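Hi everyone, thanks for coming. Let me put the model up on the screen and then talk you through it.

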Amino acid sequence: MSFLSWGPAAVPLAAPADDGPGNPWFSWQYVRDNAETLRGALEFHAGLTARAVVLALVVALPLAVLAYWIKPLTGPILALSGVLYTIPSLALLALLAPAVGTTTDTSVLIALVLYALLVLVRNALTGLTQVPDEVRDAATGMGYGRFGRLLRVELPLALPGIITGLRLATVSTVALVTVGSLIGQGGLGDLILGGFRNNFYKAEIVTGSVLCLVLALVLDLLLAGLGRLLTPWARRRAA
Amino acid sequence: MNYLSEAVVWLNDPLNWTNPGGLLDRLGEHLQISFWAVLLGCLIGWPVGIWLGHRGRGGSAVITFANLTLALPTLALLTILPLTPLGFGKPPVVAALAVFAVPPLLSNAYTGLRSVDPEVRDAAKGMGLSGSQVLFRVELPLAVPYLAAGLRTAAVQVVATTTLATFVNGGGLGEIISAGFGLGISVGGNQIVAGGIFVVLLALVVEGLLALVQRLVTPRALRAAKRRRPTAAAPAG
């Protein structure tokens, strides 16, 4: 180390370069040169998010209906979701990764599904419990059974709540995927962390972060549009 | 179950606790970073939220801001802030975490002040209290349960998110986990799982303690009605 500490010793070796032309915050040159890598990371990120949210929705809806039908289950299900919420994502990943392995993205996927699950169950349950009693009575009076009422009356009326949950879950999942970079399965997070470790390559960090934000925004808008399409009555009432 | 028992063996070794960079060291760092982040969040979130709630405007801005931070990856802020004039070390980590502590504090403070019964406010005005007197003698005391709920949400979230500081060598308990990954799963697996268990326990303890605080500062008459947390947290980091 002696020859390295010779000279202006106050400057640490790993200091970021000056904010000069050498290391700009953003550079089209970087984007052009690494378009292939960026697209791959973006696709991985979006794919992982989609898989996680869809899986979570498939599990969450029956759980919400169960909690809705069997009132004593509501408390425990919500309490469990509250406890799971406090668990740090990195810790969850640390508990999952040794058991599942780090060569695939399965451990990240499981963690993401668990977190998305909580948001979805809560919002779906809120949506279901907000169905007015008169509507429920009217449906029963019209001869709907339990399942018919659920599918044709209660679930459609709960759609705004479900969509809200879906949007929240999607946006936070996009952000959470980056934590997967701990085991190299973080999509755009790998770019962010890679840029940091690659001698603080600002363009790579910022491009990864911006793509993350844009992905979250685009998915959120898509889901909001889907919600509008699926609930035409809500629009009419507002007009 | 083998991997759990190995983690217990790791946790049972006193050296893993007292070593430099061991659990106790990292726990100290973790709590220190979290404390400053929550404090900074309170200093920003509460005044703004209370002011907006007192004036009764800016509600949609509060929601937009909260949703925006939801979409912002913690990792992005953790890696970007050290490259700004903040420099390396603890300050950028604290600042990054504080950004995520602000939304729950802000929105709960706002909700707390907005949910004061308008008749109570009118009565206070009718008694001749000035605007600031209404704020400090009527609205704020009534909003304390909400402020406590926000503090609890924010603190738990920050304690959980501080784990991520390890990505930028910021210290904290995440270092235990990432050091385990550095050793490789086959060798460091016990350390990874042990670190995970420890962090989970810490988060649950903090949650429990602050739930107790929230209960203590909530007047008895309000407890039954306020059982549900006014604003849910974002998934922790």
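I'll go through confidence, then the chain contact, then one helix pair.

This is a predicted model, so to speak with care: local features need pLDDT of at least 70, side-chain atom pairs count only at pLDDT 80 or more, and totals for chains, interfaces and linings use all residues. Residues are numbered from 1 along each chain as its sequence is written, with chains lettered from A and ligands numbered from 1 in the order in which they are written.

Chain A has an average pLDDT (the predictor's confidence in each residue, from 0 to 100) of 82, and 90% of its residues score at least 70. Among the elements of chain A (helices are DSSP runs of H or I, at least four residues; strands are E, at least two; numbered from the N terminus), helix H1, residues 2–5, has the lowest mean, 39, while helix H3, residues 35–69, has the highest, 90.

Now the two chains. Their contact (C-beta atoms, placed from the backbone, within 7 Å) takes 39 residues from chain A and 37 residues from chain B. Helices giving two or more residues on the chain A side include H6 (106–129) and H8 (146–177). That side has 29 nonpolar, eight polar and two charged residues (nonpolar: Ala, Val, Leu, Ile, Met, Phe, Trp, Tyr, Cys and Pro; charged: Asp, Glu, Lys and Arg; polar: the others, Gly among them).

Finally, how do H8(A) and H10(A) run relative to each other, parallel or antiparallel? Their axes, lines fitted to C-alpha atoms over the stretch in contact, with angles from 0 to 180 degrees between N-to-C directions, come within 9 Å and cross at roughly 170 degrees. They are therefore roughly antiparallel, a term for angles over 145 degrees. Among the residues making this contact are Leu159(A) and Ile163(A) of H8(A), and Leu215(A) and Leu219(A) of H10(A).

How values were computed:
Two residues are in contact if their C-beta atoms, placed from the backbone, lie within 7 Å. Angles under 35 degrees count as roughly parallel, over 145 as roughly antiparallel, 65 to 115 as roughly perpendicular and the rest as oblique.
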